[in-house]
Amino acid sequence: MALILAGVPTLLQHNHQIHTQPEDYRPERCPHCGKHGLWCHGSYTRKANRRGLERNTEAPVSIPRYRCPACDGTCSSLPEAVPPRRHYLWDVQQQVVFLRLSGLSLNKVAQRLAPSRHTMRRWWQRLKQRFTLDASLLRSHCPALGRSTTFAEFWRACLAQMRLSEAMLVLHRSGAAIP
Ligand SMILES: [Zn+2]
């Protein structure tokens with residue numbers, strides 16, 4: 001089970017914070033039984049793909065793990081920058097969404113950014129499919145978004161207020177599954 005630490009929207013920030021303030025990552029309670037006092041339980045390395053943003057493409061990311069002395073359950077603590085189930089960082093996905101919202105075709109975006117056309121189409125379609133639920137959850141977090149009604153208007157307004165990683169964190173905390 002992965003928990004997500006807010007306020008760490010870039011890998012650079014994560015790599016700094018994990019060394020200087022590792023305690024920030026320790027969840028307050030066990031996600032399985034709710035008890036306090038989780039123990040550090042090593043870390044694992046995830047690859048995060050930053051292609052399209054930087055030359056240094058396959059950055060290894062260290063993700064801390066924790067164990068609960070009460071129930072023996074384990075969990076990990078992801079920085080906000082890293083999607084739980086997708087290989088590309090939210091920053092890369094945000095670039096794709098920005099370019100599509102600005103009216104560029106999928107082919108044009110594929111000429112500029114590294115993810116395959118197929119991958120980007122999947123992201124875009126998924127974002128459209130879940131729009132109604134996402135919009136209602138994000139509107140309860142940020143009422144100003146209530147004025148934007150269409151998919152494109154809504155996401156333009158939302159990304160003017162917050163990063164995609166932050167929007168996804170809001171959705172995650174509202175109980176919606178995020179990629
Ligand atoms: Zn526990």
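## Strands side by side

In this predicted model, strand 1 (residues 2-5) and strand 4 run parallel and are joined by 4 bridges. To find one spot along this pairing, look for Ala2, which stands opposite Ser76 in strand 4.

Strand 4 covers residues 74-79 and is mostly covered, with 5 of its 6 residues buried. As you look at it, keep a general idea in mind: side chains in a regular strand alternate between the two faces of the sheet.

## The zinc site

Now turn to the metal. Which protein donors hold the zinc ion? They are the SG atoms of Cys30, Cys33, Cys68 and Cys71, lying 2.3 to 2.4 Å from the ion. Along the chain, these donors follow the spacing C-x2-C-x34-C-x2-C. Cys33 sits in the loop between helix 1 (11-20) and strand 2 (39-49), while Cys68 sits in the loop between strand 3 (58-67) and strand 4, so this pair ties together parts that are 35 residues apart in sequence.

Why is the arrangement called tetrahedral? The 4 donor atoms subtend angles of 107 to 116° around the zinc ion, and that makes it tetrahedral. For four tetrahedral donors, the ideal angle at a metal is 109.5 degrees. Try checking two of the cysteines for exposure as well: Cys33 is partly exposed, because its relative accessible area is 35%, and buried means under 20%. Cys68, with a relative accessible area of 0%, is buried.

## Helix 2 meets helix 4

Further along the chain, you can explore how helices pack. Helix 2 (residues 90-101) packs against helix 4 at an angle of about 75°, and their axes are 11 Å apart. That angle makes helix 2 roughly perpendicular to helix 4.

Which residues meet here? From helix 2 come Gln93, Val96, Val97, Arg100 and Leu101, and from helix 4 come Met120, Trp123, Trp124 and Leu127.

## Helix 5 and its neighbours

Helix 5 (residues 131-141) has these buried residues: Phe131, Asp134, Ala135, Leu137 and Leu138. What covers them includes helix 4 (117-129), helix 6 (151-161) and helix 7 (164-173).

Take a closer look at one of these neighbours, helix 7. Helix 5 and helix 7 pack at an angle of about 95°, with their axes 10 Å apart. This makes helix 5 roughly perpendicular to helix 7. Asp134, Leu137, Leu138 and His141 of helix 5 make the contact with Ala167, Val170 and Leu171 of helix 7. Asp134, Leu137 and Leu138 are also among the buried residues of helix 5.

How values were computed
Residues numbered from 1 in each chain as written. Predicted model: local features only at pLDDT ≥ 70, side-chain atom pairs only at ≥ 80, totals over all residues. Heavy atoms only, no water. Buried < 20%, exposed > 50% of the residue type's maximum accessible area, 1.4 Å probe, protein only. Helix = DSSP H or I, 4+ residues; strand = E, 2+ residues; numbered from the N terminus. Pairing = 2+ DSSP bridges. Contact = heavy atoms within 4.5 Å. Donors = N, O, S within 2.8 Å, 3.2 Å for Na, K, Ca; no water. Tetrahedral: all angles 85-135°; square planar, octahedral: opposite > 155°, others 65-115°. Axes fitted to C-alpha atoms, helices over the stretch in contact; angles between N-to-C directions. Parallel < 35°, antiparallel > 145°, perpendicular 65-115°, else oblique.
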